[in-house]
Amino acid sequence: MIIRIAYLMLSVIVLASTWFSLGQPNGFDQTVLLLFRDDSLNLIGPHWLSVIVRDITALGSNWVLLYMMISLSAILWCSQRRLDATKILIMTVGGVVISLGLKYVFERARPGLVPHLIEVYSPSFPSGHASMSMVCFLGMAVVLSRKWAHAQARHLFIIMAIFSAVLVGVSRIMLGAHWPTDVIAGWGIGILWVLFVNQLGSRFESVSQTKTRI
C-alpha cells in the first residue's frame, strides 16, 4: 500500500513538472532561480561558494556515477550477490537511457534568466544530474542495506543517499544550469526508477526461492 501511494505521489510530481516544462518558464521557476542571485545576478555568498557548488555538482556527473556503479556491480558479482549486481546495473544504465531520452524528447532550453556558472550542452529537462544522482545514490543505499540487521542504520543510509542527491540537484539550480522544475522532475524520475527496479528484483528473487524449494 505504501509503495502504491509513493508511486502515485511521485508520478503526480513528475507529471506536474513536465507540464510546467512545456510552456514558458513559470513564476515558480523564475522565483526559485533568482533566490540564489543578488541584484547583479551573481551567486549570493562568498566568492568561494561557487567552487564548493561546482564540486558538489560533479558528484552527479554521468561519468563519475557510471564508474562508481559499474565498479560496485563488479564487486557484488564477485561476492556472489549477482541479483544485487544486476539490479545496480539495470538501475544505472536504465537511468542514463531514460534521462537522456527525455531530454531530447522535450528539448527544453536551458535557463537564460541568469548567467551559467558551468558549461552546459544538452537540453534542460529533466536534470540528468538530479535524476542520475538519485538513481545511483538511492539505488546503492537500497541494494546494499537490504539485508542489514539494524533498521536504523539502513534508514540512515537511505536518508543520507537522498540528501546527497538533493544537494546535487540544488547545486544545478544555484549554478543556473537548470530550472527548478527540471531538477524536481529528475528527482522524481530517479526515485520511481529505483523503486520499480528494486520491486522487480524482489519479485524475481521471491519466485526463484519458491522454485528452489519445490
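How many aromatic pairs does a search of the whole structure find? The search finds 3. Rings of Phe, Tyr and Trp (its six-membered ring) pair if their centres lie within 6.5 Å, and the pair is stacked with planes under 30 degrees apart, edge-to-face over 60 and tilted for the rest.

The model is predicted, so local features need pLDDT of at least 70 and side-chain atom pairs count only at pLDDT 80 or more, while totals for chains, interfaces and linings use all residues. Residues are numbered from 1 along each chain as its sequence is written, and side-chain values use heavy atoms, with hydrogens and water left out.

**Aromatic pairs**

F106 and F125 make an edge-to-face pair, with centres 5.1 Å apart and 80 degrees between the planes. F106 belongs to helix α5 (residues 82–106) and F125 to the loop between α5 and α6 (128–145), so the pair ties together parts 19 residues apart in sequence. Helices (H or I, at least four residues) and strands (E, at least two) are DSSP runs, numbered from the N terminus. F125 is buried, at 1% relative accessible area, whereas F106 is partly exposed at 28%. Here buried means under 20% relative accessible area, exposed over 50%, and partly exposed in between (1.4 Å probe, protein chains only).

W193 and F196 form a stacked pair, because their ring centres are 5.8 Å apart and their planes lie at 25 degrees. Both are in helix α8 (residues 180–213), 3 residues apart, or about one helical turn. W193 is buried at 18% relative accessible area, and F196 is partly exposed at 41%.

**Backbone geometry**

Most residues other than glycine have a negative phi, and most peptide bonds are trans. The table lists two residues other than glycine with a positive phi.

| Residue | Phi | Location | Relative accessible area |
|---|---|---|---|
| L41 | near 65 degrees | loop between α2 (27–35) and α3 (49–58) | 28%, partly exposed |
| E107 | near 50 degrees | loop between α5 and α6 | 55%, exposed |

The loop between α5 and α6 also holds P126. The peptide bond from F125 to P126 is cis, with omega near -10 degrees. G176, just after α7, has a positive phi of about 75 degrees.

**Helix α7**

Helix α7 (residues 151–174) has 24 residues, which should span 34 Å at 1.5 Å a residue, and its end C-alpha atoms are indeed 34 Å apart. The expected span is 1.5 Å times one less than the number of residues. The buried residues of α7 are A161, A165, V168, G169, S171, R172, I173 and M174.

**K87 and S11**

K87, in helix α5, is buried without a salt bridge; D84, the nearest side chain of opposite charge, is 4.2 Å away. A salt bridge requires a side-chain nitrogen of Lys or Arg within 4 Å of a carboxyl oxygen of Asp or Glu. Lys and Arg count as positive and Asp and Glu as negative, with His and the chain ends not counted. Apart from neighbours within four places in sequence, K87 is in contact (heavy atoms within 4.5 Å) with V143, R146, V197, N198 and G201.

S11 lies in helix α1 (residues 2–22) and is partly exposed, at 29% relative accessibility. The C-alpha atoms of S11 and I189 are 8.2 Å apart in space, although the two residues are 178 apart in sequence.
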